Amino acid sequence: MRKISGFHGGIHPAQNKAQSSQTPIVFTGIPPQLVFPLSQHIGSAARPVVSVGQRVLKGQVIAEPVGFVSVPVHASTSGTVRAIEERVIAHPSGHAAPCIVLTSDGADEWVEHSGVADYRSLSPGALLERIRGAGIAGMGGAGFPAAVKLALQPGKKIDTLIINGTECEPYITADDRLMRERAAQVIQGAQILAYLVAPGETLVGVEDDKPESLAALRAAAAGSAIEIVEIPTKYPSGGEKQLVEILTGRQVPSGGLPADIGVICQNVGTAAAVYQAIIHGRPLISRITTVTGAAVRAPGNFDVLLGTPMHFLLERAGWDPGDRQRVIMGGPMMGFTVASLEAPVVKTTNCLLAPTATELPTPPPAQACIRCGMCAQVCPASLLPQQLFWFAQGREFDKLEQHNLFDCIECGACSWVCPSNIPLVQYYRASKAEIVHLRRDSDKAEHSRLRFEARQERLAREEQEKEAKRAARREAAQQRAKQAHEGSGTEEDPIQAAIERARAKQAEAQQGAPDAAQAAIERARQARDDRASEAPRDQARLQLEKAQQRLRVAQAKLAECRQSDAADQVIEALEASIARLTEKVTAAQRQLDAAQEA
């Protein structure tokens, strides 16, 4: 007999399971319209691969995964894509999210698919790809993609595989009926999972208030290496970390995962889905959902297609909207009120609870904390709920994280025992969401900072490269000018000399210029007297002035281009033009000097 350990805290609320556990699973049928949220699990939302107006078949991929922590979405019946738009989904906030809307055609025509009779003929990697391609996410909790959890890190050894069949929350009996009616599928799915992770032992944990499930599983597991373990009924023994401690005596470290201590947990519903995906090649397109509460006439468990509107499922159970107070997705401890019954059933919808006002009355107003400490006594994660509550009220997020807020499994045990009716879990849930949002904003800000710094470094590097090119061009121009100067036989810089002569002439003209009229008369007289002898000198002077003017224009353009970081080809062309103009200025000056001497 396996030794069973306990865990800190826990409570024993009224189970209220008999209402829905006495009748077999019933197929709900095909609704006229189905809505498929692109995100039905933890991780990245899927990306649509269909278009409006397209006909799809049952089991066809309509949205592909994005990233590693993501799974595809499949059509749960055949029909036509009506829209891809925002629709209300099942979420505590009641917000809308991108969805694919499908109008069913009633034919329920399957896409071509096939399974593998002998799963051992495939490698573990190939099996993982089939599980990922089937869109399987955890069926008993937050919906973590199964293939991600089963993909072991190199060198990590798993010694215990746990199949979770506890289903400890009140009212919910979906896993109970699944184990009773489809125990063989659960066991064969567990064997496939064991082949994948190669554990030392495989355990199926079931609470002792489910004798029919225990008997069915033991019969199905006879002759195999799978051990069916009966554990005491206590809430929340179905929590992953709590079940690990019960069956192995080991505690998962704060912030860690069961795999860190050599354990992997999967739900019985996930095991059955793995069996369907591998043996029959069927993706995850339906699940078992409990519909119960005093506001329904025929509570029970239903095999419901994913995407089915909740009101369609409730009507199949004889829901009386006149008597209802609210509809809760999940159980009374961890569930949340559904904002709209148009929201669809998704992979994590294990229960729809429709209580009357008498059965589940609205909680009274919260009162001041009396510091009784009962919340700390029942916390299965050994946290300090009272301190967490104060930090959450004060928005002291650093202290919340220091006190291991994210170890809280939101089981609701602290709220259940609180004599002041404080909705502790709601405070923790809101604080978690805000911390995650702040982390994302911080990550985005850090990413933006890194991008800005990288851009600044790139611009500085480009500027250095440009400056090096400009320096190289200046040096090349000086070398060309020097070569031209050496060829002319003079020692002074021809460019600078031309510029100095131009400046001297300009200064002389500004300082010693006579009256404009007198100057014109003198120029006319001089032209009359010396026209014959001065013609060569005037022509040489005119050529010099033209050459100097063109040189100044080219130098101005070069300076302008350098300031505006013009293209290298433009700058090089201007420098070459200046070199040629400099040579022309020098030649014109020589001609003028010769004319003046003559």
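**Close-up views of a predicted model**

**View 1. Packing around helix H7 in the predicted model.** Strand S9 (160-164), strand S10 (201-207), strand S11 (226-231) and strand S12 (263-267) are the elements against which the buried residues of H7 pack. Those buried residues are Gln242, Leu243, Val244, Glu245, Ile246 and Leu247. Gly249 follows H7 and has a positive phi, near 80 degrees.

**View 2. The salt bridge between Lys241 and Asp407.** The closest N and O atoms of Lys241 and Asp407 are 3.8 Å apart. The pair links distant parts of the chain, 166 residues apart: Lys241 belongs to helix H7 (residues 240-248), and Asp407 to the loop between helix H12 (397-402) and helix H13 (413-417). Lys241 counts as partly exposed because its relative accessibility is 23%, whereas Asp407, at 14%, counts as buried. Elsewhere, Glu463, Glu467, Arg470 and Arg474 are joined into one network by salt bridges that share partners.

**View 3. The salt bridge between Lys58 and Asp108.** In this pair the closest N and O atoms are 3.1 Å apart. Lys58 lies in the loop between strand S4 (55-56) and strand S5 (61-64), and Asp108 in the loop between strand S8 (96-104) and helix H2 (124-133), so the salt bridge ties together parts that are 50 residues apart in sequence. With a relative accessibility of 11%, Lys58 counts as buried. Asp108 has a relative accessibility of 23% and therefore counts as partly exposed. The model contains 30 salt bridges by the rule applied here.

**View 4. The salt bridge between Glu85 and Arg87.** The closest N and O atoms of Glu85 and Arg87 are 2.7 Å apart. Both residues count as partly exposed, Glu85 at 32% relative accessibility and Arg87 at 23%. Side chains of opposite charge can pair when their charged atoms come close.

**View 5. The largest nonpolar core, seen around Ile131.** This core has 69 residues, and Ile131, Ile136, Leu217 and Met310 are the members that touch the most others. Leaving aside residues up to four places away in sequence, Ile131 touches Ile136, Ala146, Ala147, Leu150, Leu196, Val274 and Ile278. A second core of 18 residues is separate from this one; among its members are Leu383, Leu388, Phe389 and Cys408. In soluble globular proteins, nonpolar side chains tend to be buried together.

**View 6. The crossing of helices H4 and H6.** Helix H4 (residues 174-181) and helix H6 (residues 211-220) have axes that come within 8 Å and cross at roughly 40 degrees. The crossing is left-handed. On the H4 side, Asp176, Met179 and Arg180 take part in the contact, meeting Glu212, Ser213, Ala216 and Leu217 of H6. Leu217 is also among the residues of the largest nonpolar core that touch the most other members.

**View 7. Helix H17, residues 568-597.** The helix has 30 residues and spans 44 Å from its first C-alpha to its last, close to the 44 Å expected at 1.5 Å a residue. Its buried residues are Ile571, Leu574, Glu575, Ile578, Leu581, Thr582, Val585, Thr586, Ala588, Gln589, Leu592 and Ala595.

Definitions and conventions. Residues numbered from 1 in each chain as written. Predicted model: local features only at pLDDT ≥ 70, side-chain atom pairs only at ≥ 80, totals over all residues. Heavy atoms only, no water. Core = buried A, V, L, I, M, F, W, Y, C linked by side-chain atoms within 4.5 Å. Buried < 20%, exposed > 50% of the residue type's maximum accessible area, 1.4 Å probe, protein only. Contact = heavy atoms within 4.5 Å. Salt bridge = Lys/Arg side-chain N within 4 Å of Asp/Glu carboxyl O. Helix = DSSP H or I, 4+ residues; strand = E, 2+ residues; numbered from the N terminus. Expected span 1.5 Å × (residues − 1). Axes fitted to C-alpha atoms, helices over the stretch in contact; angles between N-to-C directions. Left-handed = near helix turned anticlockwise from the far one by under 90°.
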